[in-house]
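Please look at how the aromatic side chains are arranged in the structure shown below, and keep the sequence at hand while reading the paragraphs that follow it.

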Amino acid sequence: MKAGAVSVITPPLVEGPKVVFFIPTPHNFSFAMEMANGGYGIPVTITVVTTWALIALFFLFFNWGLKNLEMVPGKKQAFFETLYDVYDSLVTQMFGKRGKEFVVYISALISFIAISNITSFFPIPGFSTVNGQFVISPLLRSPSADINTTLGLALITTFMFIYVAIKENGIKGYVGGLCDPTPVMLPMNIIGELAKPTNISMRLFGNAFAGMVIMGLLYMAAPAVLPAPLHLYFDLFQGLVQSFVFTMLTMVYIQGSMATED
């Protein structure tokens, strides 16, 4: 749609994370790609840039919140203590007395996924020039709409529940558990273990990416009438729900590893 000197362009429905810039490297460096100027470098996508921005945001936010703690909390300290109590209650309900062992990981996980999912809800504009035309487009892209991010989070969760099982049962006990109830079930149990990271990574990626496609369809159908209420559902509500689902499944897998050895 064009209104005078201003053009509104709907993005492609299915678009992978674009490369923002390259980190120059020697031509024989692993994973290096050839750039437009003939040099070589490692591509840095919008997913990585957004993740760096969120990490910086978390660092600044919690560094600000945890300064000058007092015995009688003010409003700022009371907010952060309440936030910790929510996470602690969530983990304690699942793990009981052992909740303290996992509260750091679970609170970091749900916080990162929740903020990642709702990144596209905030209209932070990015400015660029394409073919001589001034373009305004979203500056950031939800990291959870990239399978690399969700798979990475799922692998961390997989490492966590396997670590818990081996720590309490030993390697022999963990491998023996895969042979329950009979050694014939070993292949099926291994497939079951591999299905866990596949399940949670594809679920989160699918929901985040599908939300982007649906919103793209709506903008193509009615670009002049912004479907703002639908942003509340697809970007905000669904994003928070999916972060909770991913975290709950993570805790179920970890608890399952603990229960196996009991």
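F237 is partly exposed, with a relative accessible area of 49%, where partly exposed covers the range between buried (under 20%) and exposed (over 50%), for a 1.4 Å probe and protein chains only. This is a predicted model, in which local features need pLDDT of at least 70 and side-chain atom pairs count only at pLDDT 80 or more, whereas totals for chains, interfaces and linings use all residues. Residues are numbered from 1 along each chain as its sequence is written, and side-chain values use heavy atoms, leaving out hydrogens and water.

The partner of F237 is Y233, which is also partly exposed, at 41%. Both belong to helix α6 (residues 228-261), where being four residues apart separates them by about one helical turn; helices are DSSP runs of H or I with at least four residues, numbered from the N terminus. Their ring centres are 5.6 Å apart with the planes at 25°, so the pair is stacked. Rings of Phe, Tyr and Trp (its six-membered ring) pair if their centres lie within 6.5 Å, and planes under 30 degrees apart count as stacked, over 60 as edge-to-face and the rest as tilted.

The structure holds twelve aromatic pairs. Among them is the edge-to-face pair of F62 and F80, with 5.9 Å from centre to centre and 65° between the planes. This pair links distant parts of the chain, since F62 lies in helix α1 (residues 46-65) and F80, 18 residues apart from it, in helix α2 (residues 75-95). F62 is partly exposed at 27%, while F80 is buried at 8%.

Key. Helices (H or I, at least four residues) and strands (E, at least two) are DSSP runs, numbered from the N terminus.
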